[in-house]
Structure formats: structure tokens, C-alpha cells
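Reader: Hey, can you walk me through the pockets in this protein?
Author: Sure, here is what we'll look at.

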Amino acid sequence: NLRYAVKEKTPNKIVFEAMLENGLKITKSVALQPGKYHIDIDVILENTSDSNINTRYTFTAATGILLEGDPKYDMATVTRIDVGRGGVYRKYPADLETPYRNESEGISWAGVNNKYFAAALKPDSSGYIDAVVSQFVPALEPSDVLNLRISLETIKIEIPSHGAERHAYIYYVGPKQEEVLSQYGNLISLIDYGWTSAICKYLLKILNFFYSITHNYGVSILLLT
């Protein structure tokens with residue numbers, strides 16, 4: 001129920017600010033990057049009181065990715081974990097009749113994807129992320145499309161009197177293309193090549209080489225075949 005005020009606005013950036021009753025000031029900065037598929041988001045928690053404040057927050061990372069094919073396999077929430085066995089954990093609609101909570105160290109990013117597109121929130125550090133909650137969003141109207149939601153939860157943060165804590169995020173909303181995702185580090189793992197990944201990666205490079213010459217995927221597929 002918090003109401004934010006706009007404190008700064010430029011063609012590519014907007015800054016919101018709000019104050020809680022306990023003296024915690026929240027500043028959210030959202031900056032567009034021309035020609036890119038991501039938005040830079042900063043969250044600043046500033047303690048204006050004379051006492052330490054312990055707090056945590058939840059960041060809804062993605063919702064509203066449209067269905068492209070079979071709902072059982074086309075859409076999923078995705079979470080990248082970079083410790084232990086690691087990897088990308090995908091949860092499909094059938095897995096999310098109740099919210100699924102994944103508590104882990106090393107949560108690198110989380111989001112929602114379908115066959116061709118993804119929306120993912122990537123913090124600059126996994127150190128302040130405590131858990132990811134994935135859930136299915138039930139339809140309110142018969143015409144509503146299938147929808148999944150994922151949220152990042154932070155650890156408990158202690159902010160000293162008149163101190164501040166800054167968290168930076170990249171919010172990626174774009175295609176699952178190798179040449180694009182490779183600009184964002186391990187977001188490249190959004191692309192799931194399946195058990196034939198070793199072969200698929202090379203075939204894809206050859207296909208894209210033919211496409212760079214023909215500019216026609218139909219002809220390129222024939223040449224690849």
C-alpha cells in the first residue's frame with residue numbers, strides 16, 4: 001500500500017521515492033538502455049532514523065509471458081543457481097498449483113520463459129538473495145491467458161542508523177537468442193538445447209552462417225540438411 005513519488009524523470013530514466021513510518025526511505029531507479037533488451041534497476045534502502053533497522057523485501061521478477069505452444073512444456077519459471085550441482089531449475093505450470101519456494105545460496109537470476117522469449121531479473125550479487133518463489137497465476141476471466149509469476153526474496157538486511165544499502169539489478173526482457181544472451185553472462189543458460197546440446201550448438205552456428213549469406217531460414221535449413 002506504499003505510495004511512491006516521482007523524484008526524477010528523463011527520457012531514459014525515472015526515479016521513485018517513498019518513506020516508511022519507521023524512517024526507512026526507499027528509492028527505486030529504473031533506467032532504459034537504448035538498443036538493448038534490458039533495464040537497469042537500483043533499489044536503495046536508506047535509514048533516516050537514529051536506530052538500526054532490520055528489513056527484507058520481495059521483488060516480483062516476471063509475469064505475463066505469453067504461451068507459444070503446449071502449456072505443459074512451453075512455459076516455465078526458471079531459476080539459475082551457481083553453487084553445488086547448480087544449473088537452471090525449470091518449473092512448469094503443472095508443478096505450480098501451489099507456490100514453489102526454492103531457498104538456496106548462489107541464486108544468480110530468476111524469471112519466466114516460453115519457447116522463444118524470457119523475462120529474467122538478475123541481481124549484481126547473489127549474496128543478498130535468500131529464496132525464489134514460483135507460482136501459477138489463476139485466470140480471473142475465461143479469456144485470461146496462462147500466466148506464471150516468480151519473485152526474489154532478500155535475506156534480512158540490517159541497516160545502521162543513517163546508513164544505506166544499495167542493490168542493483170538487470171531486468172532482461174527479450175528473445176532467447178545466443179548472440180543476445182551471451183552479452184549477459186550466464187543468462188545464456190536460458191537456452192535449453194536438450195541432451196543433444198553438444199551437437200545442436202554446432203549445427204546452430206552453421207545454420208546462422210548460412211543465414212548470414214542467404215537471409216532466408218528456409219534456404220538455410222535446406223543447405224544445413
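Author: We'll go through the pockets one by one.

Author: This is a predicted model, where local features need pLDDT of at least 70, side-chain atom pairs count only at pLDDT 80 or more, and totals for chains, interfaces and linings use all residues. Residues are numbered from 1 along each chain as its sequence is written, and side-chain values use heavy atoms, with hydrogens and water left out.

Reader: What volume does the largest pocket have?
Author: About 670 Å³. A pocket here is an open set of points on a 1 Å grid over the protein atoms alone, where a 1.4 Å probe fits, with protein on both sides within 12 Å along at least five of seven lines. The volume is the space filled by probe spheres set on those points, joined across faces, edges and corners.

Reader: Which residues are closest to its centre?
Author: Lys115, Tyr116, Lys176, Ile191 and Asp192, out of 23 that line the largest pocket. Lining means having an atom within 4 Å of a point.

Reader: And which helix gives the largest share of that lining?
Author: H2, with three residues. Helix H2 spans 197–214, and helices are DSSP runs of H or I, at least four residues, numbered from the N terminus.

Reader: OK, new topic: how many residues line the second largest pocket?
Author: 18, and Tyr4, Ile26, Lys28, Tyr57 and Thr58 lie nearest its centre. The volume of the second largest pocket is about 390 Å³.

Reader: Which strand gives the most there?
Author: S3, with four residues; strands are DSSP runs of E, at least two residues.
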